[in-house]
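This report concerns a single protein chain and is meant to be read beside its sequence and coordinates.

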Amino acid sequence: SALLLALQVRLVMKAHSFIRENVPRVLSSVKDKSGTVHIPKISQYLYFLFAPTLIYRDNYPRNPTIRWGYVATKFAQVLGSLFYAYYIFVRLCIPQFRNSSQETFNLRGLVLCIFNSILPGVLILFLVFFAFLHCWLNAFAEMLRFADRMFYK
C-alpha cells in the first residue's frame, strides 16, 4: 500500500506541474484572441510521465544514444541492494524481534530492541536511497535518454 500511495502522490504532483505550466499559456492565448493555441502533444505528456522529473517542459535535453550496459549495471545494483536488505532483515532484525516476542513486556527489553534496530534501520535507509534515487532513476533516465540528471540538487 505504501508503494501504491507513493505512485499516486507522484502522479498527482506530475499532473499539478503539467496543469500549472500549460494553463497560463492557454489562457493568455485565449485572452489575446490569437488563432494559435499551443497545446502539448500526447507524446510530450507521456514522456513527462515516465521521465524522472517533476517539472513539466515541452522539451528536455536528450542524449543521442542509450548505453544498455549502464542500464543493466544500474538494475543489477538495484537487485543487489534488495538482496542486501533481505540479508540485513534476516541476520539483524528478525532474530531480535523473535527473541523479544517470547519474553514478557518490560521497558528494558523495549529500549534494547529499539537500540539494536537503529543500525539496521540506517543501513536500510541508505540502501533505499541508493537503490531508488540513484540506481532506479538513473536507469530510467538512461532508457529515456534524459540528459538532465541532477537528482541530488
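The sections below go from the overall architecture to individual residues.

## Overall architecture

The model is predicted. Its secondary structure consists of four helices and zero strands, and from the N terminus the elements follow the order α-α-α-α. The radius of gyration is 23 Å, well over the 15 Å that the globule rule gives for 153 residues, so the protein is more spread out than a compact globule. Taken along the principal axes, the C-alpha atoms fill a box of roughly 75 × 40 × 25 Å.

Of the 153 residues, 23% count as buried. Among contacts between residues at least 6 apart in sequence, 70% join residues at least 24 apart.

## Domains and the nonpolar core

The chain is divided into domain 1 (1-60) and domain 2 (61-152). The C-alpha centres of domain 1 and domain 2 are 31 Å apart. Contact between them involves seven residues of domain 1 and eight residues of domain 2.

The largest nonpolar core has nine residues, namely Phe 18, Tyr 47, Phe 48, Ala 51, Tyr 56, Tyr 60, Ala 141, Leu 144 and Phe 146. Each of domain 1 (1-60) and domain 2 (61-152) supplies at least three residues to this core.

Phe 18, one of the core residues, is found in helix α1 (residues 2-31). Residues up to four places away in sequence aside, Phe 18 touches Pro 40, Tyr 45, Phe 48 and Tyr 56. The C-alpha atom of Phe 18 is separated by 27 Å from that of Thr 65, 47 residues apart along the chain.

Helix α2 (residues 42-50) has Gln 44, Tyr 47, Phe 48 and Leu 49 as its buried residues, and the buried residues of α2 pack against α1. Among these, Tyr 47 and Phe 48 also belong to the largest nonpolar core.

## Annotated transmembrane regions

In an unreviewed entry, UniProt lists residues 68-89 and 109-137 under "transmembrane region". The table gives the computed properties of the two spans in the model.

| Span | Helix content | Strand content | Distance between end C-alpha atoms |
|---|---|---|---|
| Residues 68-89 | 100% helix | 0% strand | 32 Å |
| Residues 109-137 | 100% helix | 0% strand | 40 Å |

Ser 81 is found in helix α3 (residues 68-102). With a relative accessibility of 6%, Ser 81 counts as buried. Its contacts, apart from neighbours within four places in sequence, are with Leu 127, Phe 130 and Ala 131.

## Glu 142 and the end of helix α4

Glu 142 lies in helix α4 (residues 107-143). Is this acidic side chain's residue, Glu 142, buried or exposed? At 1% relative accessibility, Glu 142 counts as buried, because the cut-off for burial is under 20%. Beyond residues up to four places away in sequence, Glu 142 touches Asn 63, Thr 65, Ile 66, Arg 67, Tyr 70, Val 71 and Arg 149.

Arg 145 lies in the segment after α4. Its phi is near 60°, a positive value in a residue other than glycine. Most residues other than glycine have a negative phi. Arg 145 is partly exposed, with a relative accessible area of 30%.

## Cysteines

How many disulfides does the model contain? The count comes to zero disulfides. Cys 93 is in no disulfide, and the nearest cysteine sulfur, that of Cys 113, is 9.0 Å away. A pair of cysteine sulfur atoms must lie within 2.5 Å to be counted, so the Cys 93 and Cys 113 sulfurs do not qualify. Cys 93 is buried, with a relative accessible area of 10%. Cys 135 is likewise buried, at a relative accessible area of 0%.

## Summary

The model has four helices and zero strands, and its radius of gyration of 23 Å is well over the globule rule's 15 Å. The largest nonpolar core draws at least three residues from each of domain 1 and domain 2. Both spans listed by UniProt as "transmembrane region" are 100% helix, residues 68-89 as well as residues 109-137.

Key: Residues are numbered from 1 along each chain as its sequence is written. This is a predicted model: local features need pLDDT of at least 70, side-chain atom pairs count only at pLDDT 80 or more; totals for chains, interfaces and linings use all residues. Side-chain values use heavy atoms; hydrogens and water are left out. A nonpolar core is a set of buried Ala, Val, Leu, Ile, Met, Phe, Trp, Tyr and Cys residues joined through side-chain atoms within 4.5 Å. Buried means under 20% relative accessible area, exposed over 50%, partly exposed in between (1.4 Å probe, protein chains only). Domain bounds come from an automatic or database domain assignment. Contact means heavy atoms within 4.5 Å. UniProt positions are given in the numbering used here, feature names are shortened, and annotations may be inferred rather than shown by experiment. Helices (H or I, at least four residues) and strands (E, at least two) are DSSP runs, numbered from the N terminus. The radius of gyration is taken over C-alpha atoms; the globule rule is 2.2 Å times the number of residues to the power 0.38.
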